[in-house]
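Visitor: I would like to learn how to read the enclosed spaces in a model, and then how far to trust what surrounds them. Could we take one feature at a time?

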Amino acid sequence: MNKYNLDNKKLRIEDYQHPLDKQAVDAVLNVPGVESILKFISKNAVERIDRFINNATYLRITPEMSPKLHNMLNEARNMFDTDYEVSLYLDRSYNIGAITNGIENKHIILTTSLVDSGNDDALWGIISACISNFEAKHATLDLIDEMLKRGEGILPFAVDAGLRLALNNWRRNREYTCDRAVLLALGDFNKAVKLRLMGVAPESTLDAIDFTKPDNSYREQANDYLNLGGSAGALRTINIIGSEGHSLASRYTELYNWYISGEYQDILERSVENDDL
């Protein structure tokens, strides 16, 4: 694991949450009817049902089973200044990644492909991104989305349509915050980008690119995509509207602009010291 030295420092959600993500989260939580869904979740022990499903489907990882994973989890919780417990589970999957769920009882489900990859930077970055999901209320919105799908038709049409539209906009912007969290955790722009491109190209190919250089080949590729005009540009817009996330090219460009803006370095330098809390 090779992270920026954030020992004895804390990161606040307002330090790294992307403005578009923050706006989208607030928009969802302010839709009439959302409060009723959250009350239903609390009253009907929906989270306990999810925990039951997790225990029935996945392997719960204890500190004794994997001290390494739990050490990473505890470091991430400390870095993002959290005071809640998080349960770790393992899912046998060919995908490299993880999912989070829970509001009161928080869970992270790692895939076996991620754990078996032997890539500590990937493990550390993804676990850190999962903690940022809780901090940015992404796990809460995921649960709202899940309940909306389970309770098809329980809300008035106008409210239901407005909530789905707000959730769709949020899904497209949530990764901008996760990407920033990964960069802060790894402290290395190249490693953060390569983590997001895992599976797109062999590691040896990605190692040949210095993603920090303004004239690197991937940045040129991303600019070509983002600067499309005419019918191709219209097709790109339609694709964005119909998708649940921004393209890798868009995410790289957003992260690169944040990285070179100086704000990233300022956050590292002004991270709140433990003594000030």
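Visitor: How many cavities of 30 Å³ or more does a search of the whole structure find?

Guide: The general idea is that rolling a probe the size of a water molecule over the atoms shows where empty space is left. In this structure, which is a predicted model, a search of the whole structure finds two cavities of 30 Å³ or more. The largest cavity has a volume of about 80 Å³, and the second largest has a volume of about 40 Å³.

Visitor: Which residues line the largest cavity, and which element gives the largest share of that lining?

Guide: The lining of the largest cavity is formed by Asp 179, Ala 192, Val 193, Arg 196, Leu 197, Tyr 218, Leu 248, Arg 251, Tyr 252 and Leu 255. Two elements, α10 (189-196) and α14 (248-261), give two or more residues each to this lining, and the largest share, four residues, comes from α14. Sorted by class, the lining of the largest cavity has seven nonpolar and three charged residues, with no polar ones.

Visitor: What lines the second largest cavity, and how is that lining made up by class?

Guide: The second largest cavity is lined by His 18, Tyr 176, Asp 179, Arg 180, Arg 251, Glu 254 and Leu 255. Here the elements that give two or more residues are α9 (157-186) and α14. By class, the lining of the second largest cavity has four charged, two nonpolar and one polar residue. Asp 179, Arg 251 and Leu 255 appear in the linings of both cavities.

Visitor: Turning to a single residue, is Glu 47 buried or exposed, and with what is Glu 47 in contact beyond its neighbours in sequence?

Guide: Glu 47, which lies in helix α4 (residues 46-57), counts as buried because its relative accessible area is 10%, where the cut-off is under 20%. Leaving aside neighbours within four places in sequence, Glu 47 is in contact with Gly 102, Ile 103, Glu 104, Asn 105 and Leu 143. Of these, Asn 105 is 58 residues apart from Glu 47 along the chain, yet the C-alpha atoms of the two are separated by 6.9 Å.

Visitor: What is the mean pLDDT of the protein, and where does pLDDT stay under 50?

Guide: The general caution is that where pLDDT is low, the predicted coordinates should not be read in detail. For this protein the mean pLDDT is 84, and 83% of the residues reach 70 or more. Over residues 1-5, however, pLDDT stays under 50, although the model has 18 contacts beyond four places in sequence for that stretch.

Note on methods: Residues numbered from 1 in each chain as written. Predicted model: local features only at pLDDT ≥ 70, side-chain atom pairs only at ≥ 80, totals over all residues. Heavy atoms only, no water. 1 Å grid on protein atoms, 1.4 Å probe; cavity = no way out; pocket = protein on both sides within 12 Å on 5 of 7 lines; lining within 4 Å. Points joined across faces, edges and corners; volume = space filled by probe spheres on them. Nonpolar A, V, L, I, M, F, W, Y, C, P; charged D, E, K, R; others polar. pLDDT = per-residue confidence, 0-100. Contact = heavy atoms within 4.5 Å. Buried < 20%, exposed > 50% of the residue type's maximum accessible area, 1.4 Å probe, protein only.
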